[in-house]
Amino acid sequence: MTTKLFGEPVQRVEDAKLVTGTAHFLDDLGHDALGVAFVRSPHAHARLLDIDASGALDVEGLVAVYTYEDLLAADEAEGSSVSHALPLLIPHPCLHAPRTGYALARDKVNHVGEPVVMVVARDRYLAEDAAERVVVTYDFLPPVVGVDNARRAERTVHEDVPDNVAAHMLQQVGDVDSAMAAAPHRLRLDLDIERSASMPMEGKGVLARWDAADGSMRVYSSTQTSTSVRAAVAAKLGLPAGKVECIAPMVGGGFGVKIMHPWPEEVLVPWAARRLDREVKWVEDRREHFVSSAHERGQLQEVEVGYDDAGRVLALDVRFWHDNGAYTPYGVIVPIITSTQLLGPYKPGAYRCEWWSLYTNTVIVTPYRGAGRPQGVYAMERTMDAIAAQLGLDRADVRAHNFITPDEMPYDHGLVFQDGRPLIYDSGDFPASLAKLKALAGWEDTLAMAAAARAEGRRVGVGIACYVEGTGVGPYEGAHVVVETSGKVKVATGLTTQGQGHFTSFAQIAADELGVPLEDVEVVTGDTRRFGYAVGTFASRAAVMSGNAIALASRRVREKALRIAGDALEADPGDLEIVDGSVRVKGSPASSIPLATVAVLSNPLRYAFDEASKAATQFATGDTDGPPIADDEEPGLEGTDYYSPTQATFANGMHVAVVETDPETAEIHVLRYCVVHDCGPLINPMIVEGQVHGGVAQGVGGALYERMEYDENGQLLNASFMDFLMPYASEVPHIEIDHLETRSPLNPLGIKGAGEAGVIPSAAVFAAAIEDAEGIVIRRMPISPSDLFELRRQHVAGDVPSLNRTPQGDGGPT
Amino acid sequence: MTAPEEIEQLHAVRLRVNGVWHDAQVPARRLLSDFLRHDLRLTGTHVGCEHGVCGACTVLVDGKPTRSCLMLAVGARDHEVITVEGLGTPEAMHPVQQAFRECHGLQCGFCTPGFLTTIAAFVEENPDPTEDEAREAISGNLCRCTGYQNIVKSVLRTAEITRDSRSSETSGDQEAAEEARNVSVDHDGRAT
Amino acid sequence: MKPSPFAYSAPQSLDEALAVLADVGGDGKVLAGGQSLLPILNMRLAAPAHVIDINSVAELSYVTVDADSVQVGALARHAEVEHDDPAYDALPLLRQALRLVAHPVIRNRGTTVGSLAHADPSGEMTAVLALTDGTVTAARAGSTREIAAADFFLGPLESCLEPGELAVAARFPRLPVRSGCTFVEVARRHGDYAVCGVAAVVTLDEGGLVVSARTAYISVAPTPLVLDLTEAVAGRAVRGVDWAAAGELAGTQVDPEADIHATADYRRHLARVLTGRALAEAAGRVAA
């Protein structure tokens, strides 16, 4: 095959099974497993006084009821640590008061939904019946809800954290105070962005199977990191890692929420399986997902900016307060990302960012697609728009004045990124991205169209937002590639898949590197039995990390194949090529040997086991020089390699949104949505565009429809799809996309990540577009028609400022 | 309420699923979605919310798209149910399954079966939909992965494949009908 | 979320159904379409001891039209009523409202009479029944009664049906001659419950002057609210009417509540705005 697969919109190999309903998600496995339900705290903040499970014992089909006391007793008897606090995954020096929960509440509950009692029964129906009959007595404590209340600290979430502050960090570059004082212009913005959540269509689930004879545990989990779940389960259960396998089956979406681990259920289900010596399965329902998974996005922000007449930022001083929920198991990665990715494609003269991460009596906050970047971009882009409005300049021009230019790459911001490495942009051409976006959106014409519409009394507005995304963070990923004696190629990598098409894009890479047809390559992800060293799928890293590891491992296999084939064909490996699964002499295609045969030859045999393998037996090869396996060699046509980056590689993107609001009903319609993004060369353009589409839809949801509605008692009022409004097709606009491909200099394939791209600038771009449509300054997102109606009234009453529209002749906001 | 220590009464249910009659004994409260998935092991139908909003559980009951999480198995007695498995197999796909694959109409695939049954029924009634009609037809199912762009394309492609194979069949050209079902499209939706 | 256990009957005739209902009384819930009941059962917001599935009572499955009204049996699915052409000709308001009820999939199974009995103040069909001065026929073992819309809805999710009673039919009277009607609503997403919805009927005299302008609202009151706004527009020639004035009048007469989707003021504002739009649209539909 002479056509390269890299860069082709190849149809996905996994689709045949998915569209015929024959692929297996977590709940499609373990039909005979026992079912599990949990008694979860109905209170946001309470002391646990008593648990009376006697009512549950009468339920037909009940198998077991477990509380914290049972975990304690088990640890004592078995040397496990299931009663210990759940791990702090990512410690950081600035996280001075971390707190994690327990698999089952010990003596206190800190959010509605926290698991208190585990019920195991013949099936989920019966488990719910039994759970309903467990009586838990609580002593109600006043809850802390909302960043503002957490900040004021009149009440605390954790008694020993009197100011509710889990972490505090200050990063700065340059002398912000002097630069601010010296700046010709200054502005201050107070911003507010509210919680949403990943909300994959498939919730979490865990299935565990204990083999008592072998002392080994197999765990299936709908997770984004099977290797880390395995490690955590092994640690908690007191098992050697080698005695625990973890497999991620087909996963119905993750978007970040499934990178968090170990969930209490990921500890308890295996533990119960071992204790009961039965297969045990827990599959959460939608309400459970709302109150016992994770949310993200809530921050209050204060920005002070000093700038010159061209809108160049001379000093940027940011403070924000991040709501981390009741515990900090994932550390403070999200606010760290906000503080660093806030800079976007710009180079402020001096930058200071100080933030506090606060406890509230609500669900924990862990990464959701974007993972802190949307909040950072929101702060920066609202600031850019405010500067443009003040100066009466075109908003795209102001941004352009602040761009890091291509000749300044690599650009060192002087800060530390979320991977612990310096924040250095490796590549990117922001002026080119902007030029493409302006062309795609017809920037000047669109602004003019909007202005003309407004002159007629319609409320049409245009918004623009830019971002930079650090992708492909380490520590590493690895891959194993083997050519079997059948000629089929099996590829395994340890990270996981939740719909991103890895089974196809990774196969494209391997097929290209090895010169085999795509259909001969099979990729497995997320299975510790197949590849045991991995980190996980998050931070738009999978293609960069595993893609490169697979390329490197494939190259090892190729090199070995050419060497063995060279011996067989009596040719120099440098004169050989692999085409369509056959190794042949360049220019002399008749002189060839199938890779399948090379695979056979790679393993010198005493005993043939089939027709093909006879070629590798000792009398058939007739090779008597040196040992059959050389000193630095191994049998088999396979290779393992790892890719470990020195730092992240930075993708970028820019979006334009055009909206129209109804002057009477305040309904918000998206007229156009344009995306330009640069993630370097695309392995499969169809898959990348699909990722952008999905991100944009989540962005629309997060800007206009979704928010977590907590009341002052810490009750989540909208814990169902009826009231947490994710967009249907009718709410998502047609999405126009163009690409730029700036290679990354940091990895062999030159690629960057794209998974989160679509959602990152959405709050910013919609705030900008609606502000432009209404002529009212917008500082708080998300925004619903009711919110807009109230904002209009506040504006009329003089409580909210107007957008400054200075007459412009060149298409700037008018 | 049934006393907890009593075993729940079972009810006899006879229904036809994907063309096969099944007899079963189920508790009254067994949801049709759970019956299909766990009693019949037809796990292609997925459960996303159990309150009728997401649509992942949509199956065809007597040809009409229906939320299986909002039906009791006993309520499906004597009815005909078609699930995603009944639309087609990897070897012999329904036009809608083929269209989704060609148009990248799915990513994680969890919501997909609900869309497939809904669209299969829609195209039966609307053989030549406009893009707006296609979008409206799928606006009762949630997808978190695709942003719907390619699902809309998949609806139009389904209609196209169906029309092409029908016109080939009508003209007696079985081969062309077969071919129409196998034509690939590039990612811009152009047939290749 | 799985329902609590319940006893289950599937009566094959109306008499059988009424007999079972008489037996179980308040411990039972009737299952027709299930699109409202099943979510409630699944979330364990209700745990009835007995569920009476009336889907086999074939005699309740009908949509009929006569000179005065459209009659809908308890088992008529929303989709059947929606697509029934004679019913549309007799009372276009039915289809206009039904198209806004949830999504087509839900309408395949949900029943119109069931949604009336459910008495959700956001249910479009409650407004249609109220505005047309329709009735619900309630049967119990041994008797039936006709209940006027004005008496039927007592409060949010509360109808006046008593234990042992089954709503077997609804009757929607035709509109007076020279009437136009429409249903307008604002919802957060396609198919969602309305933030505010208005059914409107405008009636003209032979000279084209407005003699009646009436509206019914969902999502702004505990039960469907009917307003007669004729005084704001009576006697005007239909072309020159300031429907916004009727909207203003409506605004003074609704007292909505706030919830997570909308403030009370926004709802009131929508009532005003949508009233004007609905009445104008209804007026435009009066047959020449």
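**Exercise 1. Work out how many residues of chain C and how many of chain A are in contact, and what holds that pairing together in terms of area and polar pairs.**

Step 1: start with the head count. On the chain C side 25 residues are in contact, and they meet 34 residues of chain A. Keep in mind that this is a predicted model.

Step 2: turn to area. Chain C and chain A bury about 2,600 Å² between them, with carbon and sulfur atoms giving 56% of that. On the chain C side, C:R188, C:R189 and C:I260 supply 29% of the area buried against chain A, more than any other three residues.

Step 3: go through the polar pairs. You should get six salt bridges between chain C and chain A. One pair to look up is C:R44 with A:D129, a salt bridge whose closest N and O atoms are 2.7 Å apart. The tally of residue pairs in polar contact, both at pLDDT 80 or more, is 17 for chain C and chain A.

Step 4: ask who provides the surface. Helix α12 of chain C (residues 264-284) gives seven residues, the largest share of the side that touches chain A. Sorted by type, that side of chain C has 12 nonpolar, six polar and seven charged residues.

**Exercise 2. Do the same for chain A and chain B: find the residues in contact, the buried area and the elements of chain A that take part.**

Step 1: count again. Here 60 residues of chain A are in contact with 59 residues of chain B.

Step 2: get the area. The two chains bury about 5,100 Å² between them, and 58% of it is on carbon and sulfur atoms. A:V19, A:Y125 and A:M201 supply 15% of what chain A buries against chain B, more than any other three residues.

Step 3: list the polar pairs. There are five salt bridges between chain A and chain B. A:D27 and B:R37 meet through their side chains in a salt bridge, at 3.0 Å from N to O. Across this interface, 24 residue pairs are in polar contact, both partners at pLDDT 80 or more.

Step 4: assign the residues to elements. On the side of chain A that touches chain B, the elements giving two or more residues are α1 (15-19), α3 (124-132) and α18 (685-704). The largest share, eight residues, comes from α18(A). By type, the residues on that side split into 27 nonpolar, 19 polar and 14 charged.

**Exercise 3. Decide whether A:H677 is buried or exposed, and describe its surroundings.**

Step 1: place the residue. A:H677 sits in strand β27 of chain A, residues 668-678.

Step 2: apply the cut-off. A:H677 has 2% relative accessibility, so it counts as buried; the limit is under 20%.

Step 3: find its polar partner. The side chain of A:H677 makes a polar contact with the side chain of A:H739, at 3.2 Å.

Step 4: look around. Leaving out residues up to four places away in sequence, A:H677 touches ten-odd candidates worth displaying, among them A:Y467, A:N652, A:V688, A:V692 and A:A754.

**Exercise 4. Profile chain B by its elements, burial and contacts.**

Step 1: chain B has seven helices and five strands, and along the sequence they run β-β-α-β-β-β-α-α-α-α-α-α.

Step 2: of its 192 residues, 61% are buried. The accessible surface comes to about 7,100 Å², with 46% belonging to carbon and sulfur atoms.

Step 3: among chain B contacts with a separation of 6 or more, 54% are between residues 24 or more positions apart.

Key: Residues are numbered from 1 along each chain as its sequence is written. Chains are lettered from A and ligands numbered from 1 in the order in which they are written. This is a predicted model: local features need pLDDT of at least 70, side-chain atom pairs count only at pLDDT 80 or more; totals for chains, interfaces and linings use all residues. Side-chain values use heavy atoms; hydrogens and water are left out. Helices (H or I, at least four residues) and strands (E, at least two) are DSSP runs, numbered from the N terminus. Buried means under 20% relative accessible area, exposed over 50%, partly exposed in between (1.4 Å probe, protein chains only). A polar contact is a pair of N or O atoms within 3.5 Å; within protein, one must be able to donate a hydrogen and the other to accept it, and residues adjacent in sequence count only if both atoms are side-chain atoms. Contact means heavy atoms within 4.5 Å. Buried area is the accessible area (1.4 Å probe) that two parts lose on being put together, summed over both. A salt bridge is a side-chain nitrogen of Lys or Arg within 4 Å of a carboxyl oxygen of Asp or Glu. Ala, Val, Leu, Ile, Met, Phe, Trp, Tyr, Cys and Pro count as nonpolar, Asp, Glu, Lys and Arg as charged, and the others, Gly among them, as polar. Accessible areas come from the Shrake-Rupley method with a 1.4 Å probe; for residues, only the protein chains shown count as cover.
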